[in-house]
Amino acid sequence: MASNYYSAQIKQCLEFGTRNQSRHLKTIHGHIIKTLLYPETILHNKIIHAYAKIRNSTYARRVFDGIPQPNLYSWNSLLMAYSQSGHHLSEMERTFKRLPERDGVSWNLLISGYSLSGLVGEAVKAYNTMMKDGSGDFLTRVSVMTMLKLCSDNGRVGLGKQVHVQVVKRGFESYLLVGSALMDMYAKVGCISDAKTVFYGLEDRNTVMYNSLMGGLLASGMVEDAKKLFQGMEKDSVSWTAMIKGLSQNGLEKEAIEFFRGMKMEGLAMDQFTFGSVLPACGGIGAIEEGKKIHACVIRTNFQDNIYVGSALVDMYCKCKCIDYAKTVFDGMRQKNVVSWTAMVVGYGQCGRAEEAVKMFLEMQRSGVEPDHYTLGQAISACANISSLEEGSQFHGKAVVSGFVHYVIVSNSLVTLYGKCGNIDDSTKLFNEMSFRDEVSWTAMVSAYAQFGRAIEAIDLFDRMVQHGLKPDGVTLTGVISACSRAGLVEKGQRYFELMTNEYGIVPSNGHYSCMIDLFSRSGRLEEAMSFINGMPSPPDAIGWITLLSACRNKGNLEIGKQAAESLIELDPHHPAGYTLLLSIYASKGRWDCVAKLRREMREKNVRKEPGQSWIKWKGKLHSFSADDESSPYLDQIYAKLEELNQKIIEDGYKPDTSFVQHDVEEAVKTKMLNYHSERLAIAFGLIFVPSGLPIRVGKNLRVCVDCHIATKHISRVTGREIIVRDAVRFHRFKDGTCSCGDFW
């Protein structure tokens, strides 16, 4: 009687699963010890089994050791405790070897233990051993289902088909659970034809099986087949959610949202998976109004505190460029995981707010949430976008320590970071050390070489990329054509442009057309540039005209320059470049009457020239300079350094080029105006404060003028310093009197 009472108590404890289940079970166990001097083996077995169920292998072993004569059920219960714990594989193996006899349950527990611990190879080895040494007679439906799940989770199609053979041999295919597991395996590994065969071969089919096949069809891109199956089945919430998720993943976001509306009209319950499936669809097409309605639905159904749904909402608002809404949702989340933090880091980066992306990443670390490789890659990309070498280098260190540096997304971000920060040698070193490279890796390196004026390396790398069987995209082609432009390789650049459409099927963008205009213009072939423009399917955008106009200024071509300026002004009457570049051409020709007329026109239209500004980062602080700004506390030191430099570079052969000064003043005044250009102020600051041995890194919002380019070459020679200037177009690496851009800057 007592044994029956305690057996019922143990059963009730396991079935109802109270919060303090372990303590409750131990209490029952304690009463058994106190009241029963010699408990029956069957009661001992039930206690071991109960401890195994709650994954307490220590207490299971203590009870087992107290049984005078354990039977096979006792041994299997102990084996189950070790198998399900996931932390005692060696004990599981030892127990299995000590079994006085084995049955199907024993083998299944061994296979399950390996599978749960992710040791797929060991699980397969155990299954094969069971089948080969005559123990195959112990193959049960449970063993089959365990193996089918293992095949499904790990894409082991061949093994799955071997198990299928055993299913047929033993007549298990008629059992609904086995048939369902078999069909699910085929669906998940993409063998849809086999999945259908199993599905339609079963007499009884439940909604779970329909949902599983439908999921497989959607994962294989067979959307219409999935829709037909959906229409003819008995649907539950899982069915609707599977369709919403599958449609979204197949790029049919609008249909996914429509299905969500249909599910809502049916009055079916929505859960975290439903919201987590439809919100990415809204984000994918920027459907912000639909997203807001679903957000309201989330609040009404009390899912706003669900971490999965909260992260999906943050991601949706970020993708819809509503970053402030995303931040509000994020701040309101009671719990945050790596997904929620990553969504915010990525969101800030995608919205052009890279500095905030970096701050968010640092805040994430302070909160105790460890980033994964994807988050770290996004944080490094944000550093690259603002050329923040200091923070980017720190993140590089974290990538090395964490081992994430071997993930391609992190390596690609680091290659881009160092390329955009002017550390081309570090970028090259990282690229060469990568064990695996994808299209993004090659494109990042091609673009870095192009930006740095290393055209031959960029072209060679592009050709190697193609030889490796990788297909370049529009960004890669932009990089290699730009490289040709900066090296004066016009014919080669033309060939790549033709390959873009003829070989790779890429429709040229405005950026590609601007690259081609630059290709001709930079080499002085301005007539060919105009001919190319006339052959374009539509007129260039502002960047295209500015590219041509800049070249006309540098080459002194007034005729084509006027055409380009007039076209730019017609396209955008308030864009200052059309006026300022034409002003430079008039000034270089001494046409001061035209300069005065153009200035009046600018005043009448309220067009203001963007002031030149340069900056340099030192000891964590950004120091900015402009020609007419006298706010720097170091101005006296800077002016003194400039006077000293001017004397030295004149002795080195520097001759000021005042032809582009847009004021009708004496030559001495023009020379002085050139001396105080913003990049020279920043360089002087660097020479004063940046220790020798370190490169001086300067950024500028506009393109470096011809005279400053020449002067900086001389400065690099007379000071023996490496000076890296990142202007609005590209990098210039000045060293020993030369620039990385050569003669085609």
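How far apart do the end C-alpha atoms of residues 236-270 lie, and how much of the span is helix and how much strand? They lie 10 Å apart, and the span is 74% helix and 0% strand. Helices here are DSSP runs of H or I with at least four residues, strands are runs of E with at least two, and both are numbered from the N terminus.

Quick housekeeping: this is a predicted model, where local features need pLDDT of at least 70, side-chain atom pairs count only at pLDDT 80 or more, and totals for chains, interfaces and linings use all residues. Residues are numbered from 1 along each chain as its sequence is written, and side-chain values use heavy atoms, with hydrogens and water left out.

Back to that span. UniProt, in an unreviewed entry, lists it under "repeat: PPR", along with others including 438-472. Over 438-472 we get 74% helix and 0% strand again, with the end C-alpha atoms 10 Å apart.

Okay, aromatics. The structure holds 27 aromatic pairs (ring centres of Phe, Tyr or six-membered Trp within 6.5 Å; planes under 30 degrees apart are stacked, over 60 edge-to-face, the rest tilted). Take Phe260 and Phe275: their centres are 6.3 Å apart and the planes sit at 55 degrees, so we call the pair tilted. Phe260 is in helix α16 and Phe275 in helix α17, so the pair ties together parts 15 residues apart in sequence. Both Phe260 and Phe275 are buried, meaning under 20% relative accessible area with a 1.4 Å probe and protein chains only (exposed is over 50%, partly exposed in between).

Then there's Phe361 with Phe395, which is edge-to-face, 4.8 Å centre to centre and 70 degrees between the planes. Phe361 belongs to α22 and Phe395 to α24, so this one links parts 34 residues apart in sequence. Phe361 is buried at 0% relative accessibility, and Phe395 is buried at 3%.

Two charges over rings as well (NZ of Lys or CZ of Arg within 6 Å of the ring centre and within 35 degrees of the ring normal). Lys336 sits over Phe330, 5.0 Å from the ring centre, and Arg495 over Tyr496 at 4.9 Å.

Last, the empty space. The whole-structure search gives one cavity of 30 Å³ or more; on a 1 Å grid over protein atoms alone, that's a set of points where a 1.4 Å probe fits but can't get out, and lining residues have an atom within 4 Å of a point. Its volume is about 50 Å³, and helix α37, residues 635-651, gives the most to the lining, with four residues.

Terms used
1 Å grid on protein atoms, 1.4 Å probe; cavity = no way out; pocket = protein on both sides within 12 Å on 5 of 7 lines; lining within 4 Å. Points joined across faces, edges and corners; volume = space filled by probe spheres on them. UniProt positions renumbered as here; feature names shortened; annotations may be inferred.
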